[in-house]
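Me: I would like to go through this structure and ask what stands behind each label. Please keep the answers plain.

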Amino acid sequence: MKDVNQYTLTEAVKESFRTEDGSRLKFLLETFIDHLHDYTRETGLTHEEWIGVLNFLYDCGKISTPERHEFILLSDVLGFSALVDMINTRGGATEGSNLGPFYLDDAPAMELGADLSGGRSGAMVLVHGIVRDTLGNPLPGAMVDTWQADGSGTYPIQEQEQGQDKYDLRAKFTTDANGRYYYTTVLPKPYTVPYDGPVGRLLRAGNRHSWRAAHLHYIIRAPGMRAITTEVFFENTEYIDNDAVFGVRKSLIAKVEPVKKTDALDYQLSAKPDAKFRFDFVLAPEG
Ligand code: BEZ
Ligand code: FE
């Protein structure tokens, strides 16, 4: 019988898995075991702390439902999701940011120039820009899939019991021959991530707030290009420097400007905007 101690245990656990040499699975598993064991030795983890971590994960599982994935929220508040977004952003492409829990893949297609607001109160803003490739060429026929909270920080999908339509404040637009997209909507307000569960307990224990900076969500797709999931934030708004899920990047902050009476807008719009901002998206080739 081999004499296993706290230093040789790590190799013994790794060797117990018969994963294929050189495989990605072997690499992910062995690196995880290395870091988990290093963390345990380095912190001198006690039994109480060990069971505390496991019970915390158990609570995350208990509160999760098909609509509420507490582990994703945990990943978000630990910056794990942001880190995965960062390391998977292709050079030259728009930086990625949180998908969040409110995406629906069957949002209605809308014509360019449409108004998303559905008469909701809030500042009416023209959102416009061009979708390009990394060489700067416009991408006609690209899909701009967007969803957002309203002027009080609520997603309609959260208020279906109060009679809201879950498809409100979301749409798919197709860029025109010049790669342009444009529409009007209400500016969203900040809102809190769910904090009535174990992740909320963690935030409170760490004296952290649960607010997200106001943002619009986007998935941009075009044939032959790598799709991006990202968010657009607004200069000088609350929580822009301390978003609860670390979603904000400098390159994703737009400057909202008032629309002056004398401004001749380049677009046919179905509603009159009070403000406007431009945000161009850049997609890298697939592969
Ligand atoms: C959101 O952006 O909708 C979101 C992201 C992370 C956690 C909760 C909500
Ligand atoms: Fe969101």
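The questions below take the metal site, burial, the surface and the salt bridges in turn.

Me: What kind of model is this?

Reply: It is a predicted model. The protein chain has six helices and 12 strands, and its C-alpha atoms fill a box of roughly 85 × 40 × 30 Å along the principal axes.

Me: What makes Tyr 155, Tyr 191, His 215 and His 217 donors of the iron ion (ligand 2)?

Reply: A donor has to be an N, O or S atom within 2.8 Å of the metal. The OH atoms of Tyr 155 and Tyr 191 and the NE2 atoms of His 215 and His 217 lie 1.9 to 2.1 Å from the iron ion. These atoms therefore count as its protein donors. Along the chain, the donors follow the spacing Y-x35-Y-x23-H-x1-H.

Me: Why is the arrangement around the iron ion (ligand 2) called irregular?

Reply: There are six donor atoms, and they subtend angles of 55 to 172 degrees. To be octahedral, six donors need opposite donors over 155 degrees apart and all other angles between 65 and 115. An angle of 55 degrees falls outside both ranges, so the arrangement is irregular. For reference, ideal angles are 90 or 180 degrees for six octahedral donors.

Me: Where in the chain do Tyr 155 and His 215 lie?

Reply: Tyr 155 is in the loop between strand 2 (143–148) and strand 3 (170–174), and His 215 is in strand 7 (residues 215–221). The two are 60 residues apart, and the pair links distant parts of the chain.

Me: How do you know whether Tyr 155 is buried or exposed?

Reply: Buried means under 20% relative accessible area. Tyr 155 has 0% relative accessibility, so it counts as buried. His 215 has 1%, so it is buried by the same cut-off.

Me: How many of the residues in the protein chain are buried?

Reply: Buried residues make up 41% of the 287 residues. In helix 6 (residues 198–205), the buried residues are Pro 198, Val 199, Gly 200 and Leu 203. They pack against helix 3 (47–63) and helix 4 (70–77). Helix 6 is followed by Asn 207, which has a positive phi, near 50 degrees.

Me: What makes the nonpolar surface patch, and why can Leu 57 belong to it?

Reply: The patch of about 510 Å² is made by Trp 50, Ile 51, Val 53, Leu 54, Leu 57 and Phe 71. Helix 3 gives the largest share, five residues, and Leu 57 lies in that helix. Patch residues need over 30% relative accessible area. Leu 57 has 35%, so it passes this cut-off and is partly exposed.

Me: How much accessible surface does the protein chain have?

Reply: It comes to about 16400 Å², of which 55% belongs to carbon and sulfur atoms.

Me: Why is the pair Asp 59 and Arg 201 called a salt bridge?

Reply: The label needs a side-chain nitrogen of Lys or Arg within 4 Å of a carboxyl oxygen of Asp or Glu. The closest N and O atoms of Asp 59 and Arg 201 are 3.0 Å apart, so the pair qualifies. This pair links distant parts of the chain: Asp 59 is in helix 3 and Arg 201 in helix 6, 142 residues apart. Asp 59 has 21% relative accessibility and counts as partly exposed, as does Arg 201 at 43%.

Me: Which label, buried or exposed, fits Asp 21, and which fits Lys 26?

Reply: Exposed means over 50% relative accessible area and buried means under 20%. Asp 21 is at 65%, so it counts as exposed. Lys 26 is at 17%, so it is buried. Asp 21 and Lys 26 form a salt bridge, with their closest N and O atoms 3.6 Å apart.

Me: How many salt bridges does the structure hold?

Reply: It holds 18. One of the pairs is Asp 280 with Arg 278, at 2.8 Å from N to O. Asp 280 is partly exposed at 26%, and Arg 278 is partly exposed at 45%. Glu 11, Lys 14 and Asp 34 are linked in a network of salt bridges.

Key
Residues are numbered from 1 along each chain as its sequence is written. Chains are lettered from A and ligands numbered from 1 in the order in which they are written. This is a predicted model: local features need pLDDT of at least 70, side-chain atom pairs count only at pLDDT 80 or more; totals for chains, interfaces and linings use all residues. Side-chain values use heavy atoms; hydrogens and water are left out. Donors are N, O and S atoms within 2.8 Å of the metal (3.2 Å for Na, K and Ca); water is not among the atoms, so sites may look incomplete. Four donors count as tetrahedral if all angles lie between 85 and 135 degrees; four count as square planar and six as octahedral if opposite donors are over 155 degrees apart and all others between 65 and 115; anything else is irregular. Helices (H or I, at least four residues) and strands (E, at least two) are DSSP runs, numbered from the N terminus. Buried means under 20% relative accessible area, exposed over 50%, partly exposed in between (1.4 Å probe, protein chains only). Contact means heavy atoms within 4.5 Å. Patches are made of residues with over 30% relative accessible area and no salt bridge: like charges are joined within 9 Å, nonpolar side chains (Val, Leu, Ile, Met, Phe, Trp, Tyr) within 5 Å. Accessible areas come from the Shrake-Rupley method with a 1.4 Å probe; for residues, only the protein chains shown count as cover.
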